[in-house]
Each structure stands twice: as structure tokens, then as C-alpha cells.
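Me: I want to go through this model and ask how each label is earned. Keep the replies short.

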Amino acid sequence: MRDKDPMAPRHSLHDAEALAVQALGFLAAEPERIGPFLAATGLDPANLRAAAGEPGFLAAVLEHIGSSDSLLLEFAGNLRLNPEIVAQARRRLAGEAPGPGDFA
């Protein structure tokens, strides 16, 4: 089975959720990445897992990634994604109306 082209747009809600979970893993991999996210959300490592099941949490993860150009470019670069895909996924998870080329 051939892998999806990482530069191709992702279209489903499931793909948007999967990208946000990858983003959370990216943040958690380094204390200097996860610390500001925890501070911004008021979470601590002990309640992070419970919060992950809350509506809007995954959108907040992508919002945080997108709030820093350097963080966004590092995350997108690691996955070989166009950074705009992160914004499209965030909009999809937040329930905003999709724009042209956004997640359906």
C-alpha cells in the first residue's frame, strides 16, 4: 500500500484530528514546547490526557502551533506539510466554515 503524499491536502475530520494529535506529540516531545502550551491552557501534565477528550481541545493544540511562526514552520517541516494545512485543520476542528481547499 502506498503512503499518502504528505504535501497533498488532507480532507476529512479524521485527518484533521490525526494532525492535531501529531501536533500534541510534537509539543510534548520537548519541555520548551509543551511548557508554553500548558501555561496558556492552564493545564498540567497530569490532566492533559483528560483534557484531550474535551471538545475544542484539538483545535486549541493547532491554534497554539499556529500562533508561533517558528513553531508552525518546525512542525510543518518535520511532517513535510504546507503550513497552511495546519490552519485548515484548525478551522475544521473549530467548526468554522471551510474555505476553498480546506478540510471537507
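Me: Which residues in helix α5 are buried, and what makes a residue count as buried?

Reply: This is a predicted model. In α5, residues 69-79, the buried ones are Leu71, Leu72, Phe75 and Ala76. The label requires under 20% relative accessible area.

Me: How do you know that they are on the same side of α5?

Reply: Leu71, Leu72, Phe75 and Ala76 cover an arc of only 120 degrees around the axis, so they are on the same side of α5. Asp69, Ser70, Leu73 and Asn78 are exposed on the other side.

Me: What covers the buried residues of α5?

Reply: The cover includes α1 (13-28), α2 (31-41), α4 (57-66) and α6 (84-93).

Me: Why are α4 and α5 called roughly perpendicular?

Reply: Their axes cross at roughly 110 degrees. The range for that label is 65 to 115 degrees, so α4 and α5 are roughly perpendicular to each other. The axes also come within 6 Å.

Me: Which residues meet where α4 contacts α5, and how do they divide by type?

Reply: His64, Ile65 and Gly66 in α4 meet Leu71, Leu72 and Phe75 in α5. The split is four nonpolar, two polar and no charged. Gly counts as polar in this scheme.

Me: Which residues touch the most other members of the largest nonpolar core?

Reply: Leu27, Phe37, Leu48, Phe57 and Ile65 do, in a core of 28 residues. α1 gives the most to this core, with seven residues. Leu48 touches residues including Leu24, Phe37 and Phe57, leaving aside those up to four places away in sequence.

Technical notes: Residues are numbered from 1 along each chain as its sequence is written. This is a predicted model: local features need pLDDT of at least 70, side-chain atom pairs count only at pLDDT 80 or more; totals for chains, interfaces and linings use all residues. Side-chain values use heavy atoms; hydrogens and water are left out. Buried means under 20% relative accessible area, exposed over 50%, partly exposed in between (1.4 Å probe, protein chains only). Helices (H or I, at least four residues) and strands (E, at least two) are DSSP runs, numbered from the N terminus. The arc is that of the directions from the helix axis to the C-beta atoms. Contact means heavy atoms within 4.5 Å. A nonpolar core is a set of buried Ala, Val, Leu, Ile, Met, Phe, Trp, Tyr and Cys residues joined through side-chain atoms within 4.5 Å. Axes are lines fitted to C-alpha atoms, for helices over the stretch in contact, and angles run from 0 to 180 degrees between N-to-C directions. Angles under 35 degrees count as roughly parallel, over 145 as roughly antiparallel, 65 to 115 as roughly perpendicular and the rest as oblique.
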